[in-house]
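Work through the exercises below with the model on screen. Try each task before you read its solution.

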Amino acid sequence: MIVYGSSISPFVRKVLAFAAEKGVAAQMQPVDFGNPPPEFLAASPFRKIPALRDGDFAIADSSAIVHYLEAKHPVPALIPADAASRGRAVWFDEFADTVIVGAAGKIFFHRIVGPRFMGTPGDESIAAAAERDELPPVLDYLERVVPDAGGFLLGDAVTLADIAVASPFANLRHLGLALDRWPRTRAWVDSMLARPSFAPVIEREARFLAATAM
Ligand SMILES: N[C@@H](CCC(=O)N[C@@H](CS)C(=O)NCC(=O)O)C(=O)O
């Protein structure tokens, strides 16, 4: 199974961690956006990462991919079956993709991706405004809902909710943003990102980012 993209993207990292929690082998294949290969374009018509190829099947979007993986590899279940927990898993996935990444992504893009990888100067005023105004309410919410470190958002086992919410925090860690005002969130995130499904991926990213530091 091929996952197109780079794990520096929180969406790609989510898919890789989800596959790892299921014990499904996934090979990450970076994409040259300047010259995208046809197999990638067939999977991702709007050139977004991640995209997946699994034999003859191809699809884009991290949420579409994890739902495909859940149906194809139902054990261990990472998307709960009961109505309330299923609804909350979809909520946390959506909240992570839009609200957390909406704030964290601006900071990461303008401080790292733009200047380092796209040859565009980042706009520090956008990054600073997102850090000052957008991120704190998101973290205030999480501080109220996260369990104790080592626990899970939906019951007693890891689910898509935990994987999706934890993933963008690796980007905040790469930025060196401390979560001192949100100690419960920080402890829970640290416990999630220490899992074998995340830790080696994040260590590889950190080595890559250190090698590309300006
Ligand atoms: N909703 C999509 C979002 C995917 C997305 O926006 N990916 C970004 C990287 S973080 C991307 O491909 N950007 C390249 C571009 O927009 O050209 C998902 O969950 O996969």
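**Exercise 1. Find the polar contacts of the ligand.**

Start with Lys-48: one of its polar side-chain atoms lies 2.7 Å from an oxygen atom of the ligand. A polar contact is a pair of N or O atoms within 3.5 Å. Next, take the backbone. A polar backbone atom of Ile-49 is 2.8 Å from a ligand oxygen. Last, go to Ser-62, where an N or O atom of the side chain is 2.6 Å from an oxygen atom of the ligand. Now look at the surface. Alone, the ligand exposes 510 Å², and the protein buries 65% of that. These areas come from the Shrake-Rupley method with a 1.4 Å probe.

Two notes on the source. This is a predicted model, where local features need pLDDT of at least 70 and side-chain atom pairs count only at pLDDT 80 or more, while totals for chains, interfaces and linings use all residues. Residues are numbered from 1 along each chain as its sequence is written, and side-chain values use heavy atoms, with hydrogens and water left out.

**Exercise 2. List the shell around the ligand and sort it by class.**

A residue is near a molecule if one of its heavy atoms lies within 4 Å of it. The ligand is surrounded by Ser-9, Phe-11, Arg-47, Lys-48, Ile-49, Pro-50, Asp-61, Ser-62 and Asp-97. Now sort. Ala, Val, Leu, Ile, Met, Phe, Trp, Tyr, Cys and Pro are nonpolar; Asp, Glu, Lys and Arg are charged; the others, Gly among them, are polar. The shell has three nonpolar, two polar and four charged residues.

**Exercise 3. Describe the site that holds the ligand.**

The ligand sits in the largest pocket. To sit there, more than half of its atoms must lie within 2 Å of the pocket's grid points. On a 1 Å grid over the protein atoms alone, a pocket is an open set with protein on both sides within 12 Å along at least five of seven lines; a cavity is a set of points where a 1.4 Å probe fits but cannot get out; lining residues have an atom within 4 Å of a point. The pocket's volume is about 900 Å³, counted as the space filled by probe spheres set on the points, which are joined across faces, edges and corners. Its lining has 28 residues; Ser-6, Ile-8, Ser-9, Ile-49 and Val-113 lie nearest the centre. H4 gives the most, with eight residues. By class, the lining has 18 nonpolar, six polar and four charged residues.

Note on methods:
A polar contact is a pair of N or O atoms within 3.5 Å; within protein, one must be able to donate a hydrogen and the other to accept it, and residues adjacent in sequence count only if both atoms are side-chain atoms. Helices (H or I, at least four residues) and strands (E, at least two) are DSSP runs, numbered from the N terminus.
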